[in-house]
Amino acid sequence: MQLYHHPYSLDSQKVRLALEEKGIDYTSYHVNPITGKNMDLSFFRMNPSAKLPVFQNGAHIIFDTIEIIQYVERISVVTSGTDDLSITSGKVVEWMKKIQGWNPKFLTLNHIPDKYRHTVSKFIRRVVIARMAESPDLASAYHRKLKEAYETEDKLKNQEVLKCSREHLIRLLDEVEIKLNETKYLAGEEFTMADVMLIPVLARLVLLNLEDEYISCRPSIAEYWVLVQQRPSYKKVVGKYFSGWRKYRTLVKTWCCIRLRSMLRRY
C-alpha cells in the first residue's frame, strides 16, 4: 500500500492519523505541492485533480479523504479479525462529513504573506503551463488546474468569501464545543475516525496563531485539544512536524522564496 501525501497537507494528516491509529503499514511518498510535484506527469496521470492525499493498494486508487479512511478501517477489520462498530456508526460518518465540509484553503492562504503566496502561485501556474505543453493529451485537465489557480487568487480578494469561510468554521466549532461538553470524544467516549478528522483542523488553527480566537475561548475544545495531543499518532503525524515548523517557519519561508525564484527562471 502506498500513500502519496505531504506532512502539512490537512487531508494528508487525516489519512495518516487513521493509518497510525489502525496500525496499518504503508509506503510513504512525499509530494510537495509548493514546488509543483503534484503537477508532475506521473502523479497527474494517476490523479488529474492533483490533490493530496492519494492512496493506492495494488490497482485500487482512492482520492477522497473520507473514502480512504473508511477503506483503512475495513483493512483493519480484515487484518485483525475483530468487529469495529465505528465503521458503521452513523454519527461517526456524520461528523466526518461535517468536518470535511469546511474548506481550510481560504483561511490558510489568507494568513500567508501576499508576497510569498504570489510567488508560489506564479510558479505553480508556470509549471502547469509547461506540463500542458509537454502532454497535449492532458491539456484539458491541466487547463482546469490553471483556471482553478486564477479563481483562487480572485476569491482571496473577495472579503465575502473569507467571511463565509470563517463563519462556516465558527458554526462547526460551536457544534463541536456543545458535543464535547457531553462526551470525551467527538462521537462518544471512545476515540474514532471523527476525531481523526478534527485533530488536523485544530492543529492548523494553532499553526496560524488562531488558537485564542477559535480554541481557547471554547473550554471543552481546549481541554480536548490537550488530550488528543498526547496520542502517539498525533505526535508522529502532526507534532513531529508542527514544532519544527513553528520554530523555523521564517527560515523556511525565506528558503522557499529563494528556491522558487530560482525555479521560476527555468519555466
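Cysteine 164 is partly exposed, with 40% relative accessible area. Cysteine 217 is likewise partly exposed, at 45%. The class runs between two cut-offs: buried means under 20% relative accessible area and exposed means over 50%, for a 1.4 Å probe and protein chains only. A disulfide is a covalent bond between the sulfur atoms of two cysteines. The search over the whole structure returned zero disulfides, with a pair of cysteine sulfur atoms within 2.5 Å as the criterion.

The model is predicted; local features require pLDDT of at least 70, side-chain atom pairs count only at pLDDT 80 or more, and totals for chains, interfaces and linings use all residues. Residues are numbered from 1 along each chain as its sequence is written, and side-chain values use heavy atoms, with hydrogens and water left out.

The protein contains 12 helices and four strands. These elements are DSSP runs, numbered from the N terminus: helices are H or I of at least four residues, strands are E of at least two. Of the 267 residues, 49% are buried. The exposed area is about 13600 Å², and carbon and sulfur atoms supply 53% of it. Areas were computed by the Shrake-Rupley method with a 1.4 Å probe; for residues, only the protein chains shown count as cover. Among contacts (heavy atoms within 4.5 Å) with a separation of 6 or more, 72% join residues 24 or more positions apart.

Salt bridges were assigned where a side-chain nitrogen of Lys or Arg lies within 4 Å of a carboxyl oxygen of Asp or Glu. The count is 12. One of them joins aspartate 40 to arginine 131, with the closest N and O atoms 3.3 Å apart. This pair links distant parts of the chain, 91 residues apart. Aspartate 40 is in the loop between strand E2 (27-30) and helix H2 (41-46), while arginine 131 belongs to helix H6 (residues 114-134). Aspartate 40 is partly exposed at 23% relative accessible area. Arginine 131 is buried at 11%. A network of salt bridges links Asp40, Arg131 and Glu134.

Helix H6 also supplies arginine 117. Arginine 117 bridges to glutamate 153, and the closest N and O atoms are 3.7 Å apart. Glutamate 153 is in helix H7 (residues 139-156), 36 residues from arginine 117, and the pair links distant parts of the chain. Both partners are buried.

A further salt bridge lies within helix H7, between glutamate 148 and lysine 145. Their closest N and O atoms are 3.0 Å apart. The two residues are three positions apart, about one turn of the helix. Glutamate 148 is partly exposed, at 30% relative accessibility. Lysine 145 is buried, at 10%.

Aromatic pairs were assigned for rings of Phe, Tyr and Trp (its six-membered ring) with centres within 6.5 Å; planes under 30 degrees apart are stacked, over 60 edge-to-face, and the rest tilted. Seven pairs meet this rule. One is phenylalanine 55 with tyrosine 71, an edge-to-face pair at 5.8 Å centre to centre and 65 degrees between the planes. Phenylalanine 55 is in strand E3 (residues 54-57) and tyrosine 71 is in helix H3 (residues 65-80). The pair links distant parts of the chain, 16 residues apart. Both residues are buried. Elsewhere, ring pairs join Tyr4, Tyr29 and Phe43 into a cluster.

Charges over rings were also located. The criterion is NZ of Lys or CZ of Arg within 6 Å of the ring centre and within 35 degrees of the ring normal. The charged end of lysine 98 sits over the ring of tryptophan 95, 4.7 Å from its centre. The charged end of arginine 231 sits over the ring of phenylalanine 191, at 3.7 Å from the centre.

Two serines were examined individually. Serine 9 is in the loop between strand E1 (2-5) and helix H1 (10-22). Serine 9 is buried, at 16% relative accessibility. Leaving aside neighbours within four places in sequence, its contacts are Leu52 and Arg204. Serine 233 lies in helix H12 (residues 232-264). Serine 233 is buried, with a relative accessible area of 6%. Outside its neighbours within four places in sequence, serine 233 contacts Leu17, Glu20, Glu21 and Val238. The C-alpha atoms of serine 233 and glutamate 20 are separated by 5.5 Å, although these residues are 213 apart along the chain.
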